[in-house]
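Me: Could you walk me through this model in a few friendly questions and answers?

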Amino acid sequence: MRTLEQLTFDNSYARLPGAFYAKLNPTPFSSPPYLVHANPAAAALIDLNPGEFKRPEFAGVFGGSLLAPGMDPLAMLYSGHQFGVYVPQLGDGRAILLGEARNGRGEKWDLHLKGAGLTPFSRDGDGRAVLRSTIREYLCSEAMQGLGVPTTRALCIVGSDHHVYREQVETGAMLVRMAPSHVRFGTFEIFYYRKQHDHLKVLADYVIEQHFPHLREAPDRYARFFAEVVERTAKLIARWQAVGWSHGVMNTDNMSILGLTLDYGPFGFMDDYDAGFICNHSDHNGRYAFDQQPYIGLWNLSCLAQALLPLAEKEALKAGLDSYTPIFEREYRSLMRAKLGLRDERAEDEALIRDFQGLLQGSHADYTIVFRELGTFRSDPGISNGKLREHFLDRDRFDGWASRYRDRLRSEQSRDEDRQRSMNQVNPKFVLRNYLAQTAIEKAQQKDFSEIDRLLTLLQNPYSDQPGMDAYAAPPPNWGKHLPVSCSS
Ligand code: AMP
Ligand code: MG
């Protein structure tokens, strides 16, 4: 276990051509930084001793006022398609890559400080993040990790009394995000649209060298690299759909080249099931509605394919794109089969899944609760499934479905207890509902960080029953049902 000073850095991105970034240090807050919360699980990824959390230097380094030895801070350049429109230059407008920490296993983790002040890419933003949005990202990235969804991680939040102006005055905070890489689809797009094909090649070679080293020697490495990004993205989005989660701003600058969930903004877990759920209140046309996410994933990949045209054969890239839908569907069906506790793979599964979703939709039943309760289903026709049945408005329709489900379970000799055990490992009891995050935010705004602590621990183990925590599995109270979340964070 290392101290802050013992972290070792290998800042490979900083060795790329100067056109890829702007080197600059974070801008400290106008008032002293203090630790809001730190995450031992993320610290372990860089061998950092959690005992370091309470040192003032910890809040200093991750609150933007000190640098640890070996850091070489920079803001990354990228562009991207936002809501379908190409924006020629974006870049880290409020985040700074402090350095790439290397752990004892040889893995590298970007330490990316979000809310670190103005950069040359800030456009008309202020370079800051508010406490509210850092808490949402902190808790959700660890919740996704707990659910088994590929994601960036979160090391800590450092707060301050520094004023930040949004719809109202709020306080600023910085979040340390961690990932093996923060390269996005948009990092490729910028060099393609600027016709800087030499830079495009340097970037692709760099990403392959660092993250897809098995492709290094392949003559068709760029097309194969693309095909792997397609596969990771399809599998990622299948997982979002299975847990009932919406990203909210699936612009190509928010799409990770490693297939990680990246850039937590107005995201949302569904409470009541609604396929057309729009979590981002600024998304008036529902471009990023829940049921659109799989298509948007493909659309975004087609933007990446276009950006790779100077490096790979068109036909090969097209074949990569064509693999998206079958990979997505296979993955999604397999995740949903597991959520229903089905062991075998059969042709009728798709209809069984779809009809169950139809029941949820018709009753606006709580997605997480009903799937968890489906684990209690008893396949003996003599036993009623009364409690589960109560979730559905159209009881006859439920009965019809339940009898098909029962037949299906019996035909594969499914044993109730075994099935419930395995369903409980894929149907979470706890997800980061908006109202839970909101409660933690409101307490934190009064400088009480205990709810962040409680939620983090809870969400890191979302599949286990946790003593005394059942209230956290409850559907939202009325005040928490339709909390507005938008991009202004
Ligand atoms: P997002 O929608 O959060 O992915 O942000 C899109 C772009 O706007 C990125 O280039 C961000 O760095 C930038 N951005 C978002 N918020 C701010 C802010 N408060 N100050 C400066 N840039 C920002
Ligand atoms: Mg972004």
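**Rings and a helix**

Reply: Happy to: the structure holds 27 aromatic pairs, where rings of Phe, Tyr and Trp (its six-membered ring) pair if their centres lie within 6.5 Å. This is a predicted model, in which local features need pLDDT of at least 70, side-chain atom pairs count only at pLDDT 80 or more, and totals for chains, interfaces and linings use all residues. Residues are numbered from 1 along each chain as written, chains are lettered from A and ligands numbered from 1 in written order, and side-chain values use heavy atoms, without hydrogens and water.

Me: Are the rings of Trp-401 and Tyr-405 stacked, edge-to-face or tilted?
Reply: Planes under 30 degrees apart count as stacked, over 60 as edge-to-face and the rest as tilted. These two rings have centres 4.7 Å apart and planes at 25°, so the pair is stacked.

Me: Which helix holds both Trp-401 and Tyr-405?
Reply: Helices here are DSSP runs (H or I, at least four residues), numbered from the N terminus. Trp-401 and Tyr-405 are four residues apart, about one turn of the helix, and both lie in residues 395–411, which is H13.

Me: Where around H13 do its buried residues lie?
Reply: Buried means under 20% relative accessible area (1.4 Å probe, protein chains only). In H13 the buried residues include Phe-398, Ala-402 and Leu-409. The buried residues cover an arc of only 165° around the axis (taken from the directions from the axis to the C-beta atoms), which puts them on the same side of H13.

Conventions: Helix = DSSP H or I, 4+ residues; strand = E, 2+ residues; numbered from the N terminus. Buried < 20%, exposed > 50% of the residue type's maximum accessible area, 1.4 Å probe, protein only.
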